[in-house]
Amino acid sequence: EVPIFYDPIMSKVITYGKDREESTERMILALKDYRILGIKNNVRFLIDVLSHPEYRKGNLFTGFLDQHMPEWQPQHEQRELTQALAGAALVATSSSRQNIGASTTPAANNPWQTLGGWEL
């Protein structure tokens with residue numbers, strides 16, 4: 001959880017292209033490949049806004065979301081859930097997990113060294 005006392009912007013994604021359409025397509029592709037695990041985020045929302053026909057036409061105004069997306073709800077992507085479960089299973093079954101807490105030295109308590117090399 002990121003408390004309100006911290007900047008809620010966890011990262012920024014910037015794209016460019018020869019025109020607005022190409023930039024938007026690149027942003028959608030970048031966001032579809034973007035993975036954030038462990039905290040709630042608005043990546044799916046951003047993809048849906050960028051994909052909306054009125055956004056694509058450039059019809060933007062302060063009431064855009066209220067008018068065009070008033071009942072937007074996130075759709076859980078099976079791929080993200082599968083990746084998260086695969087990562088959890090890998091960590092849970094890793095033989096190097098036996099070493100967690102075995103030493104009190106700072107290096108031994110570093111989870112990046114203790115869990116070994118793995119990625120989703």
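Select L29 and D33 to begin, the exposed residues (exposed meaning over 50% relative accessible area, buried under 20%, and partly exposed in between, with a 1.4 Å probe and protein chains only) carried on the face of α1 that is turned away from its buried side. The model is a predicted one, in which local features need pLDDT of at least 70 and side-chain atom pairs count only at pLDDT 80 or more, while totals for chains, interfaces and linings use all residues. Residues are numbered from 1 along each chain as its sequence is written, and side-chain values use heavy atoms, with hydrogens and water left out.

Next, select the buried side of α1, which consists of S23, T24, M27, I28 and L31. These residues lie on the same side of α1, because they cover an arc of only 135° around the axis, the arc being that of the directions from the helix axis to the C-beta atoms. If you then show α2 and α3, you will see what the buried residues of α1 pack against, where contact means heavy atoms within 4.5 Å.

Now colour the whole of α1, residues 20-33; helices (H or I, at least four residues) and strands (E, at least two) are DSSP runs, numbered from the N terminus. Helix α1 has 14 residues and reaches 20 Å from its first C-alpha to its last, close to the 20 Å expected at 1.5 Å a residue, a span reckoned as 1.5 Å times one less than the number of residues.

Staying on α1, show the side chains of E22 and R26, which meet in a salt bridge of 3.8 Å, N to O; the term stands for a side-chain nitrogen of Lys or Arg within 4 Å of a carboxyl oxygen of Asp or Glu. E22 and R26 are four residues apart in helix α1, and so are separated by about one helical turn. E22 is partly exposed, with a relative accessible area of 23%, and R26 is also partly exposed, at 37%.

Move on to helix α2 (residues 43-51), where R44 and D48 lie four residues apart, about one turn of the helix. Their side chains meet in a salt bridge of 2.8 Å, N to O, and R44 counts as partly exposed at 24% relative accessibility.

In helix α3 (residues 53-57), select K57 and E54, which are three residues apart, about one turn of the helix. The closest N and O atoms of their salt bridge are 3.3 Å apart. K57 is exposed, with a relative accessible area of 60%, whereas E54 counts as buried at 19% relative accessibility. Elsewhere, salt bridges that share partners join K18, E22 and R26 into one network, and the count of salt bridges comes to six.

Turn then to the segment before α1, where Y6 lies, and select I4 and F5 along with Y6 to see a nonpolar patch on the surface, with about 480 Å² of accessible area together. Y6 counts as exposed, at 55% relative accessibility. Patches are made of residues with over 30% relative accessible area and no salt bridge, like charges being joined within 9 Å and nonpolar side chains (Val, Leu, Ile, Met, Phe, Trp, Tyr) within 5 Å.

Finally, show the whole protein, which has six helices and zero strands. Buried residues make up 17% of its 120 residues.

Conventions. Accessible areas come from the Shrake-Rupley method with a 1.4 Å probe; for residues, only the protein chains shown count as cover.
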